[in-house]
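Hi,

Here is the structure I promised to pass on. Have a look at it first, and my notes on what turned up are underneath.

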Amino acid sequence: MKENFLLWVVFLSFILFVLLLDLGVFHRKAHVPRFKEALLWYLVWVFISFLVNTFVFFSWGYQKALEFLTGYLVELSLSADNIFIFLVIFNYFAVPNEYRFRVLFWGILGAILMRLFFILAGVTLIKKFHFVIYIFGFIVIYSGIKLLFRKKEEIHPEKNPLLKLARKFIPVTTGYHGQKFFVRSSKKYMATPLFIVLLVIESTDVVFAIDSVPAIFAITVDPFIVFTSNICAILGLRSLYFLIENIMRLFTYLDKGLSVILVFIGFKMLISDFYKIPTIFALLFVLLVLAFTIFISVIRGNNKESKKNFSL
């Protein structure tokens, strides 16, 4: 018990240290991360994930390491879809590009705390009430079907209930004040629009976590594996945002692929008591669907571009 507790403390302390180093040293000044910088930091987070996976392999063996890797890829693919929502929110609030990194930093820090709560609660429920796994299975399948028929224009940040509530009770400045969330004006503190954006990002992640966290329970119910793979996946979200912002055409059909993955994972949960789909098969299925989705997106994107050029 003490070893498990120490393991959690070490992991959380390490992640917190790297995050503070990232924000306090390398991104202390507001700026728009260039492609090379975003790529470098994304590779850093991938490398950290690889180190954690290696630790899991040597500590608990091949099966646990495979569960970590599968959970990591599932959460990573779902997180990539969330980036499009971030982009809509940033554009709606006209957030300057140089301030977006800081909002994503604090948003992801809040996401880590929320994921910890959701995961521990979910694991406890499954262990005490096994039938909960079926509820989670139906939730994941419903999320997949909903994602299949979702349209990009259906995302409306202005309808966010937390935003409406905040505007009623929190005084907000008319414009941005650098990368500050609060400023002092007329002897009282006021929130800046950047803080409102952060609230919307955090509330959106709550909804996203409700859809995505149950999916990983189809892979494993080991709380440490679930949490570490989940967190390692979302830590690279900030860098991934700046990476794919300019190559959106590669992800045109990502939501279709994710819907297939979610339905598969939900089905895996529903039949888990009758037949356990091997983790290696689940991993290969996720990789193949993602590869096919990107391939189709590139092909369709190139065809559309060719037709556009021909028409000109």
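Let's start with F55: its relative accessibility is 39%, so it counts as partly exposed, since that class runs from 20% to 50%. Its ring partner W60 comes out at 40% relative accessibility, so W60 is partly exposed too. Before going further, please keep in mind that this is a predicted model.

How are the rings of F55 and W60 set against each other? Their centres are 5.9 Å apart and their planes stand at 85°, so the pair is edge-to-face, a label that needs an angle over 60 degrees. The structure has 12 aromatic pairs. F55 and W60 also belong to one aromatic cluster, together with W8, F11, F224 and F227. If you want to find that cluster on screen, colour those six residues: W8, F11, F55, W60, F224 and F227.

Now the overall picture. The chain has 312 residues, and 50% of them count as buried. You'll find 11 helices and two strands in it. Going along the sequence, the order is α-α-α-α-α-α-β-β-α-α-α-α-α. Taking contacts between residues at least 6 apart in sequence, 81% join residues that are at least 24 apart. As for the surface, about 16600 Å² is exposed, and carbon and sulfur atoms supply 71% of that.

Next, the empty space inside. Rolling a probe the size of a water molecule over the atoms shows where empty space is left. The count here is two cavities of 30 Å³ or more. The largest cavity has a volume of about 60 Å³. Helix 4 (97-128) and helix 7 (193-216) are the elements that give two or more residues to its lining. Which of the elements gives the largest share of that lining? That would be helix 4, with four residues. The full set of lining residues is F86, L104, G107, I108, A111, I201, E202, D205, I234 and L237. By class, seven of them are nonpolar, one is polar and two are charged. The charged ones are E202 and D205, because Asp and Glu count as charged, and the polar one is G107, because Gly is put with the polar residues.

A residue in a loop caught my eye as well. A94 sits between helix 3 (62-92) and helix 4. Its phi is positive, at about 50°, although A94 is not a glycine. Is A94 buried or exposed? Its relative accessibility is 53%, and the cut-off for exposed is over 50%, so A94 counts as exposed.

Then there is N230, which belongs to helix 8 (residues 223-235). Its relative accessible area is 0%, so N230 is buried, the limit for that being under 20%. What does N230 touch, leaving aside its neighbours within four places in sequence? The contacts are E75, R115, I119 and V213. E75 is 155 residues away from N230 along the chain, yet their C-alpha atoms are separated by 6.0 Å.

Two other residues are worth a click. S143 is in helix 5 (residues 132-148). With a relative accessible area of 3%, S143 is buried. S143 and I210 lie 67 residues apart in sequence, and the C-alpha to C-alpha distance between them is 9.5 Å.

I296 is part of helix 11 (residues 279-311). At 24% relative accessibility it is above the 20% limit for buried, so I296 counts as partly exposed. Between the C-alpha atoms of I296 and L254 there are 9.6 Å, with 42 residues separating the two along the chain.

That's what I have for now. Shout if anything is unclear.

Cheers

Conventions. Residues are numbered from 1 along each chain as its sequence is written. This is a predicted model: local features need pLDDT of at least 70, side-chain atom pairs count only at pLDDT 80 or more; totals for chains, interfaces and linings use all residues. Side-chain values use heavy atoms; hydrogens and water are left out. Buried means under 20% relative accessible area, exposed over 50%, partly exposed in between (1.4 Å probe, protein chains only). Contact means heavy atoms within 4.5 Å. Accessible areas come from the Shrake-Rupley method with a 1.4 Å probe; for residues, only the protein chains shown count as cover. On a 1 Å grid over the protein atoms alone, a cavity is a set of points where a 1.4 Å probe fits but cannot get out, and a pocket is an open set with protein on both sides within 12 Å along at least five of seven lines; lining residues have an atom within 4 Å of a point. Grid points are joined across faces, edges and corners, and a volume is the space filled by probe spheres set on the points. Rings of Phe, Tyr and Trp (its six-membered ring) pair if their centres lie within 6.5 Å; planes under 30 degrees apart count as stacked, over 60 as edge-to-face and the rest as tilted.
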